[in-house]
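I opened this model to go through its core, its cysteines and its rings. My entries follow in the order in which I looked things up.

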Amino acid sequence: QVQLVESGGGSVQAGGSLRLSCVASGGTFSNYAMGWFRQAPGKEREFVGRISRSGSRTYYADSVKGRFTISRDNDKNTMSLQMNSPKHEDTAVYYCAAGRDVVVATTTSWYDFWGQGTQVTVSS
């Protein structure tokens, strides 16, 4: 098992930048692929991006490609989401998750462990 805690959320102007972090504890971080998801009020939790166990592979939702970047540091048990040029529609609670390392892992069902989420509000 692994515990995940997100941080770095807050308010940001459209076109600015924000960096979210996820810190893992209580498990072997490098055993898990990691993902970022987000959920806006009244909406389903949606996939943002994922990163493989080693960090060598990333995959992003079309809505954030070219703007968001996921990275991980297995020595520090951390994963980050760099949000560049955020838009108002990026406003949501962002969750990090740990799950199975398969390329098709773009839905919540592939992930076993979740953080509590951090609010990101993009002003416009």
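Before reading any burial value I fixed the cut-offs: buried means under 20% relative accessible area, exposed means over 50%, and partly exposed is what lies in between. I also noted that this is a predicted model.

**Entry: aromatic pairs**

I searched for ring pairs and the structure gave six. I took Y32 and F113 to begin with: their rings are edge-to-face, with 5.7 Å from centre to centre and 85 degrees between the planes. I then placed the two residues along the chain. Y32 is in the loop between β3 and β4, F113 is in strand β10 (residues 111–114), and 81 residues separate them.

Is Y32 buried or exposed? Its relative accessibility is 15%, so I entered Y32 as buried. F113 has 22% relative accessibility and therefore went down as partly exposed.

Next I looked up F37 and Y111. Their ring centres are 5.1 Å apart and the planes meet at 75 degrees, so I classed this pair as edge-to-face. F37 belongs to strand β4 and Y111 to strand β10, 74 residues apart, so I recorded the pair as a link between distant parts of the chain. Both F37 and Y111 are buried.

I followed the ring pairs outward from there. They link F37, F47, Y59, Y111 and W114 into a cluster.

**Entry: charges over rings**

I checked arginines against rings. The charged end of R45 sits over the ring of Y95, at 3.7 Å from the ring centre. The charged end of R72 sits over the ring of F29, and here the distance to the centre is 4.3 Å.

**Entry: nonpolar cores**

Which residues of the largest nonpolar core touch the most other members? I found M34, W36, M79, L81 and Y94, out of 26 residues in that core. I then asked which strands feed this core. At least two residues each come from β3 (17–25), β4 (33–39), β5 (46–51), β7 (68–73), β8 (78–84), β9 (92–99) and β11 (118–123).

Another core lies apart from this one; it has six residues, among them F47, A97, A105 and Y111. I noted that F47 and Y111 are also in the ring cluster.

I listed the contacts of L81, leaving out residues up to four places away in sequence. L81 touches L18, R19 and L20, then W36 and V48, then F68, T69 and I70, and also Y94.

**Entry: disulfide**

How many disulfides does a search of the whole structure find? I got one. It joins C22 to C96, with the sulfur atoms 2.1 Å apart. C22 is in strand β3 and C96 in strand β9, 74 residues apart, and I entered the pair as a link between distant parts of the chain. The angle about the S-S bond is 60 degrees, and the link of C22 and C96 is right-handed. Both cysteines, C22 and C96, are buried.

**Entry: T118**

I closed with T118, which lies in strand β11. Its relative accessible area is 12%, so T118 is buried. The T118 side chain reaches the backbone nitrogen of G9 at 3.2 Å. Setting aside neighbours within four places in sequence, I found T118 in contact with E6, S7, G8 and G9, with L20, and with A92, V93 and Y94.

Technical notes
Residues are numbered from 1 along each chain as its sequence is written. This is a predicted model: local features need pLDDT of at least 70, side-chain atom pairs count only at pLDDT 80 or more; totals for chains, interfaces and linings use all residues. Side-chain values use heavy atoms; hydrogens and water are left out. A nonpolar core is a set of buried Ala, Val, Leu, Ile, Met, Phe, Trp, Tyr and Cys residues joined through side-chain atoms within 4.5 Å. Buried means under 20% relative accessible area, exposed over 50%, partly exposed in between (1.4 Å probe, protein chains only). Helices (H or I, at least four residues) and strands (E, at least two) are DSSP runs, numbered from the N terminus. Contact means heavy atoms within 4.5 Å. A disulfide is a pair of cysteine sulfur atoms within 2.5 Å. Rings of Phe, Tyr and Trp (its six-membered ring) pair if their centres lie within 6.5 Å; planes under 30 degrees apart count as stacked, over 60 as edge-to-face and the rest as tilted. A charge sits over a ring if NZ of Lys or CZ of Arg is within 6 Å of the ring centre and within 35 degrees of the ring normal. A polar contact is a pair of N or O atoms within 3.5 Å; within protein, one must be able to donate a hydrogen and the other to accept it, and residues adjacent in sequence count only if both atoms are side-chain atoms.
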